[in-house]
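Visitor: I'd like to go through this one term by term. Could you pull it up and tell me how each label is earned?

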Amino acid sequence: MAEKTLDDLFLNTLKDIYFAEKQILKTLPKMARAAQSPEGKAAFLKHKDETEGQIERLQQVFEIIGKPARGKTCEAIQGIISEGEEIIEEFKDSVALDAGLISSAQAVEHYEIARYGTLKSWAAQLGYTDAVALFDANLQEELATDQKLTELGEMSANPKGAKKKVA
Ligand SMILES: [Fe+2]
Ligand SMILES: [Fe+2]
């Protein structure tokens with residue numbers, strides 16, 4: 001059996017994030033439906049559109065390396081998504097629901113940021129220059145989404161906002 005290389009690891013990780021993005025694409029509309037605030041709904045829907053573009057960029061990377069675009073089950077993202085579903089279930093109709101949705105979404109973003117940071121650096125090491133730019137485009141969108149979620153989280157965790165509901 002041939003010794004495994006960084007190329008193998010790169011392909012493995014590319015398949016992992018490809019699978020993850022497809023799961024995220026299915027989950028974002030559910031999060032938009034569950035969100036109570038219009039800003040939250042809008043943020044999830046906007047990121048759903050971005051995610052479609054991210055999946056296309058990943059397909060371009062598969063093309064660059066001459067491999068078929070195929071995902072590989074990512075248990076990490078499945079775990080993060082099922083925790084989010086649990087929160088929707090346990091906190092529906094509560095003032096804490098949006099805070100919970102945002103925290104789940106941030107766990108997703110941080111996973112993606114970790115993956116894209118790594119893939120971008122490996123693509124550079126392996127000489128896939130065009131792939132570096134594609135990963136960076138995805139990475140920048142994840143970073144911006146994470147920051148937007150932080151702002152929304154501060155709004156929804158704002159005690160004034162919570163009091164309004166109680167009064
Ligand atoms: Fe993504
Ligand atoms: Fe994302």
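Visitor: How are the donor residues of the iron ion (ligand 1) spaced in sequence?

Guide: The spacing reads E-x32-Q-x57-E-x29-E. Bear in mind that this is a predicted model, where local features need pLDDT of at least 70, side-chain atom pairs count only at pLDDT 80 or more, and totals for chains, interfaces and linings use all residues. Residues are numbered from 1 along each chain as written, chains are lettered from A and ligands numbered from 1 in written order, and side-chain values use heavy atoms, without hydrogens and water.

Visitor: What makes Glu-21, Gln-54, Glu-112 and Glu-142 donors of the iron ion (ligand 1)?

Guide: A donor is an N, O or S atom within 2.8 Å of the metal (3.2 Å for Na, K and Ca); water isn't among the atoms, so sites may look incomplete. Here the oxygens OE of Glu-21 (listed twice), OE1 of Gln-54, and OE of Glu-112 and Glu-142 lie 2.0 to 2.4 Å from the iron, so they qualify. Glu-112 also bridges to the iron ion (ligand 2), with the two irons 3.3 Å apart.

Visitor: Why is Glu-21 called buried?

Guide: Buried means under 20% relative accessible area (1.4 Å probe, protein chains only). Glu-21 comes out at 0%, so the label fits. Glu-142 is buried too, at 0%.

Visitor: How do you know that Phe-44 is in contact with Leu-149?

Guide: Contact means heavy atoms within 4.5 Å. Leaving aside neighbours within four places in sequence, the partners of Phe-44 include Leu-28, Met-31, Leu-101 and Leu-149.

Methods: Buried < 20%, exposed > 50% of the residue type's maximum accessible area, 1.4 Å probe, protein only.
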